[in-house]
Amino acid sequence: MEDKIKNIQQDYKEKIDQAKSLKELDGIFLELFGKNGKLDQLPKEFKNLSPDKLRVVSPLFNQIKQELEKAIQRKREEVKEEIYKSLENEKFVRQPGRLQAKKRQGHLHPTTQLLNETIELFSKLGFERFDAPHIDTDEYNFELLNIPEGHPARDLWDTLYIDSEKYGIQPGKLLLRTHTSNGQIRAMRQLKPPMRVMIFDRCFRYENLDARHEHTLEQFEIVYIDKGVSMANLQYLSEYFFQGILGKDIKARLRPKYYPFVEPGAGVDGLCIFCKGKGCNVCGGTGWLELAGAGMIHPQVLKNGGIDPNEYSGIAWGVGPERMAMLKYGVEDIRLFKSGDLKFLEKY
Ligand code: DAH
């Protein structure tokens with residue numbers, strides 16, 4: 001038994017001396033002192049020894065056990081010391097920590113991206129931003145745009161009215177703007193012609209929600225008033241916009257359409273981006289997609305804005321950035337845009 005203990009002492013002293021890393025030392029420690037380790041198991045054999053032998057073996061065992069434990073401890077310190085020394089001459093390079101590396105990079109919402117592209121296109125032509133309120137009066141949203149109370153054209157906009165009595169305003173006179181056209185009269189009254197403005201941002205409607213209708217929607221609108229402005233400008237600007245957003249081969253077509261604040265009014269079609277005019281499922285076989293509404297500003301609307309229709313003429317033109325984004329990015333359901341669904345947003 002004494003030999004056995006001494007052999008362990010010899011073997012392991014050497015192993016400890018030669019160890020070069022903390023990991024190696026941990027391994028040695030476990031081999032000796034771990035569960036089923038060499039020194040852990042040895043006392044089990046002591047029961048067969050005579051009391052005399054035991055009196056010799058027992059202190060020897062304890063002494064060697066302590067010796068090896070201390071040797072491992074000493075060697076650990078030595079190895080650490082060497083690691084520190086070797087690091088002293090290292091130049092540290094900063095690397096991003098784990099948290100930083102995991103930080104997610106966001107990006108602009110697809111509608112905002114499209115809106116920004118649109119703004120950039122029209123800015124190049126000298127159009128300036130003009131803001132109008134989201135909560136507005138019946139007067140600016142409807143009446144001054146040739147849509148008096150009780151007029152059937154009001155059915156074109158399912159409106160969300162505000163419980164205005166508590167603010168001392170007659171019921172039915174305060175609403176969430178249904179379109180960016182609510183900025184037209186304000187722009188005319190504040191800026192004098194010649195004027196080129198862009199009005200954009202959120203509008204609100206009391207809609208039956210489906211894949212093409214949302215209660216909160218974006219609109220982008222331009223108002224261009226000067227001497228001699230005509231439908232030709234409308235045709236040019238429509239095509240300029242479609243080609244800038246959807247591609248060089250997208251032509252524009254004006255089709256007669258009724259809007260109370262323009263005369264003549266037009267539905268603005270773009271050549272179908274999927275079949276390029278041949279006719280497909282998306283365009284219902286016509287080869288064209290209705291993308292915008294527009295027209296020559298009605299003389300009465302110009303007058304309401306303080307502009308003489310005999311001197312000036314103007315065009316107004318409006319588009320839905322979400323509808324454009326649906327086409328451009330191939331999105332099938334308008335409700336996805338405001339769903340807050342990251343899986344959807346991360347695609348764009
Ligand atoms: N305001 C219209 C809508 O919400 C869109 C529109 C049509 C805007 C004709 C215009 C226009 O400026 O001239 O449906």
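Guide: Before we start, axes here are lines fitted to C-alpha atoms, and angles run from 0 to 180 degrees between N-to-C directions. Also, this is a predicted model.

Visitor: Okay! At what angle do the axes of α6 and α9 cross?

Guide: Roughly 135°, and the axes come within 10 Å. Helix α6 covers residues 110-123, and helix α9 covers residues 231-246.

Visitor: So what do you call α6 and α9, relative to each other?

Guide: Oblique. Angles over 145 degrees would count as roughly antiparallel and 65 to 115 as roughly perpendicular, so the pair falls under oblique. The crossing of α6 past α9 is right-handed.

Visitor: Which residues in α6 and α9 meet?

Guide: From α6 you've got Leu114, Glu117, Thr118, Leu121 and Phe122. They meet Leu237, Tyr240, Phe241, Gly244 and Ile245 of α9. Sorted by class, that contact has 7 nonpolar, 2 polar and 1 charged residues.

Visitor: Switching to the sheet: what's the strand order?

Guide: β1-β4-β5-β9-β8-β7-β6, so to speak. Those 7 strands make an open sheet with mixed pairing.

Visitor: Which strands are at the edges?

Guide: β1 (128-129) and β6 (252-256), each of them pairing on one side only.

Visitor: How many bridges join β6 to β7?

Guide: There are 5, and the two strands run antiparallel. In that part of the sheet, Pro256 sits opposite Ala266 of β7.

Visitor: And which strands does α6 lie across?

Guide: β4, β5 and β9, with α6 running at about 5° to β5.

Visitor: What about α11?

Guide: Helix α11 (residues 321-329) lies across β5, β8 and β9, and runs at about 110° to β5.

Methods
Residues numbered from 1 in each chain as written. Predicted model: local features only at pLDDT ≥ 70, side-chain atom pairs only at ≥ 80, totals over all residues. Heavy atoms only, no water. Helix = DSSP H or I, 4+ residues; strand = E, 2+ residues; numbered from the N terminus. Parallel < 35°, antiparallel > 145°, perpendicular 65-115°, else oblique. Left-handed = near helix turned anticlockwise from the far one by under 90°. Contact = heavy atoms within 4.5 Å. Nonpolar A, V, L, I, M, F, W, Y, C, P; charged D, E, K, R; others polar. Pairing = 2+ DSSP bridges.
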